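Hello,

Here is the structure for you to look through. Please open it first, then read my notes on its aromatic rings below.

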Amino acid sequence: MNRMVRYIGLCLLIVMMSSAIFADDSVFIGDGDITALHLYDAQGNPLKATDELAQNIAQGWIINNPDTPILIVTPLGTVNIFANSLVVIGNLVDKNADLYLVSGQATFTTTNMDGGKLTITTPVSRYTMDGNGEMMVISSDTEESVTNFSGKVTSYNSLTGAKRTIQAFEKLDMQDKMARLKRIEPGYYMTYATYPDAAYSEQVVQEMAATSTAPVPSTPQALVKEMVIEKPDFKGVSIKAIAPTPTSLKISKEYPAGIPATLQTLKVSAVNVAVPEKVSNITSYTTPSIQPQIIVSITPVTPAIPTISSQPKVVAIPSTPTSVQSNTVSAEPVQMAAPAEEATTTSSSPIPPRTTLLYSEDTEKVTGAFGIQFGYQFALDGTDSNAISNMAFVKPYYSKGAFSLRLQGAVSTSDFSTFTNTVYPVPTSLFDKLAYGFSFIDYLRLGYNSSAFYLTLDRKSSISTDLTTLVAPSIFSSDKLVMQNRITSGAVSLTTTIDDLYATNLLDNNVQFASTLLQVLPTSGYRLGFTIGSLAMVDRSPWTLDLYPFISFSFPLIDTRTTQLKVLLQGNGYLPTYPTLDTTAFIDASVNSLFPNYLLAGGISLQKNALFTKLMLTLPQGENRPLLVNEFSYVLDTSYSSLMDILGDFRWQGPNVEAKLLFNVPLTSSGSIADLSSYSHQANYSQFSISYTQEKVKLGLGFSHLGLFDTINQVASGADSWQSLLSGPYSTSYLLAEYAFKPFTLGVKAYYPVNTSTYTVPVLTVTGTISLEKTF
C-alpha cells in the first residue's frame, strides 16, 4: 500500500509539472478594484471584469477606471493608472512597447527595458522613454504634460512638430507656448511616483543644485584708468544757400484723373494655396452623445488641399504618430453625420494616422447608481406535493465607490386568499431577531477586493482560502447570505467567513459553519505561505460548538505573475468547545499518534491564468476528513472511515465560461471505496458545474453527488431509477437559463435540493424583474 501511495504521488507531481508553462510574458492588473472597471476587447465588445480575466490583459483592450486607480504589471515594469482614465493597451511585452492614453493620468515605470523604449501616445502628443526609467503623463481637457522622474524622456508635439528632451525632475507643459521646462519639487516626486525613493530624490536635487550654481571668482579684479576729456576747438557757424530763391510758379500742362463716377465691376483671381503641414489654429466642434458608448477609430488620412467652396472651413484634427497601428475599435456601430459645409480634401502624400475618439460624457461622469428592482416569482415545489407559491418582491439599492447595498422585502401567497410577508411578525428570541434583521439584506459590500478592509454579504463566496481542502464550493447561488471579511496589512491578512447570516439551517435545527484564518504571505522574495486558523461547526439541537484547528504551508516551485506552482502541506484537528471543552479530543498523550483526530494532507496546486488545479493525498483519522463541508453535510451524516483520500479540484474561469470539477475518493486498506458510516452507500464525493454568460444570456447546469459510482451501478442493475442521479438523499442538481433585456430580466431554474427522499418533479421557478435606475 505504501508503494502505491508513493507511485500515485509521483505520477500526480509529474502531471502537474508537465502542465506548467514556465515562460511568463503576460500583462495583468496587480492592484485596484477589478469589479469597478469598464473593459472592452480589441473589437469593442464589453468584457465582464473578473479577477481571473484581469490576470491576462490582451493587446488592444480598452480600460476605463472611473472610480479606482489600478496598477498594471508587465514583464517590462508597471503602469499606475490614476482614477477616471481611459487607455488602450498596446504592446507591453516587447522592448519596443507602446500604450495609448486617451485621457487621464498615468505613471509609467520600466525596470527591464535595457536597449528598448516605451512610447506613450495621447491625442496630441507622443512621449518616448529610452531604457529604464519613470515618467508621468497627463492628458486632459485642462492639462497636457509629461514629467520625467528618472531616465531619458523625449516629447513630440503632434500639432507643432516640436521635439524636446526632458531631464530627470523636469516637467514640460505642452500647452505652454514658450515650451519651458520646469523643475519639480521632491514632494511632487514622492506623491506621484509609483515607487518613490527618498534617497534618490535627495541625490537628484543635489546634482541639479550643483549644475545650476555659477562659479564664483577667487580674486575679483577690475582695471581702472583716468578718462581725459579734451576741449574742442570751436571757430563759429556759417550758413550758405544751395539754390536761388524762386520768384514765380507756372502750370504748363494738365492731365485728367480718369476716375469714373461709380464703381462698375471688380474681378479678383484666386489660386489654390497649400495648407501647411503644421497647424497653428484649431477649429473644433462637439458631436452630441447618442448613447453611452466608447468608440476609438484610427484611420489613415492624407494632407488636405481644400477645394474652396462658398463658405470654406478647415477642421484640424490632431494626428498620432506612425507607431500606432491603424485599426478601428468600437463598442457598437454608430452612424454619425459629417459637419455641414466642411471642406473636401484630397492628396496623395501620406501623413501620420488620424485618431478620432467619441466617448459619452454621460458615461464618463457616472460614478454611482441608485434604484429599485421589482420582481415576481412563480414556484412549483415538487418536493412538497407540487405546492404552488407566488411571490412579489422589491429590492432598493445604492452603489457609490467602495460602498454598495441592496435591501429586500417580499409578499407571498399560494392561493391569493392569504398572504405572508417578510416584515411581520417580528420574532421574540434574540437569535431569531438577529436572523430577522439580516433577512432584509440582499447584498452588501464595503471596500474593494484589493482594499485593506473588505467586507461582503453575498449569495456566494468571492474570497478563496486554503480551506478549500475542507470546504466544497456551492454549485449555484443559493438562498444563503454568505459573510466574508478580509483585513490586510502588508503580508498579513485575516479572513473571517460565516456561511449563512440568514441562519436557515440553524432555524431548521441543522448545522452551520464559520471559519477564521490568519495568513502570512510575503510580497517579495521567496513567498513561503503560512496559514493558521480554524473551521467551526455550530449545531442548535442542542447548542454545540466544535472547532477544527487548521494549519497550512505552501512552498512555491514556480512563482511568476500568471503561473504559480506550489507544494502544499496541511493539517487539522478536532476540538469540541461548547458546552464542554474537551482537549483530549485534540491532544491525547495516551494514544500513539498524540492526536486522536487529525487530517494530514500533501499535494500540489497550479494556477495558470484562468485555470486552477489542485491534487491532494490526505490521511484522515477520527472526526476529520476532506470536504467536511458540502451540500450534504448540512442534513446528512457524511462521516466515514478510510485509510487515504484522493482529492482533485479543477476550475476554469474565463470571460464567458466558468467550469468546476471537484472529487474526493476515500480508499480503505483493501483499496475499495469507503462507505458512509450511517448509510449503506459509498462516501466518494463529486461535483461538476458549468455556466456560460454572453452579454444578455446566461446558461448553467451542475450537480453534486455522494457515492456516484454506487448510484450508477444501482441504476444500471435496475435497483434504482435514473432520477436518483439527479435527486434524492445523495444527489442535488440544477439547470437555469436567464435572459436580460434592460430594464427587464427573465429567468427560469429547475433544481433538486438535498432531501432525504427521491422526487420525480423538481422545484421549478420562473422569475421576472424590472429595474428602475438613476446613475450619477
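Is tyrosine 398 buried, partly exposed or exposed? Tyrosine 398 is partly exposed, with a relative accessible area of 36%. Keep in mind that this is a predicted model.

Now the partner ring. Phenylalanine 403 is partly exposed too, at 30% relative accessibility. The ring centres of tyrosine 398 and phenylalanine 403 lie 6.2 Å apart. Their planes meet at 45°, so this pair is tilted. Tilted covers angles that are neither under 30 degrees nor over 60.

How many aromatic pairs are there by this rule? The count is 21. One of them joins phenylalanine 169 and tyrosine 200. Here the centres are 6.1 Å apart and the planes stand at 70°. That makes the pair edge-to-face.

Where do these two residues sit? Phenylalanine 169 is in the loop between strand S12 (163-166) and strand S13 (170-173). Tyrosine 200 belongs to helix H3 (residues 198-212). The pair therefore ties together parts that are 31 residues apart in sequence.

Their exposure is worth a look. Phenylalanine 169 is buried, with a relative accessible area of 0%. Tyrosine 200 is partly exposed, at 23%. Both residues belong to one aromatic cluster, along with Phe149 and Tyr189.

Last, charges over rings. The charged end of lysine 480 sits over the ring of tyrosine 634, 3.5 Å from the ring centre. Lysine 749 places its charged end over the ring of tyrosine 751, with 5.0 Å to the centre.

Best wishes

Definitions and conventions: Residues are numbered from 1 along each chain as its sequence is written. This is a predicted model: local features need pLDDT of at least 70, side-chain atom pairs count only at pLDDT 80 or more; totals for chains, interfaces and linings use all residues. Side-chain values use heavy atoms; hydrogens and water are left out. Rings of Phe, Tyr and Trp (its six-membered ring) pair if their centres lie within 6.5 Å; planes under 30 degrees apart count as stacked, over 60 as edge-to-face and the rest as tilted. Helices (H or I, at least four residues) and strands (E, at least two) are DSSP runs, numbered from the N terminus. Buried means under 20% relative accessible area, exposed over 50%, partly exposed in between (1.4 Å probe, protein chains only). A charge sits over a ring if NZ of Lys or CZ of Arg is within 6 Å of the ring centre and within 35 degrees of the ring normal.
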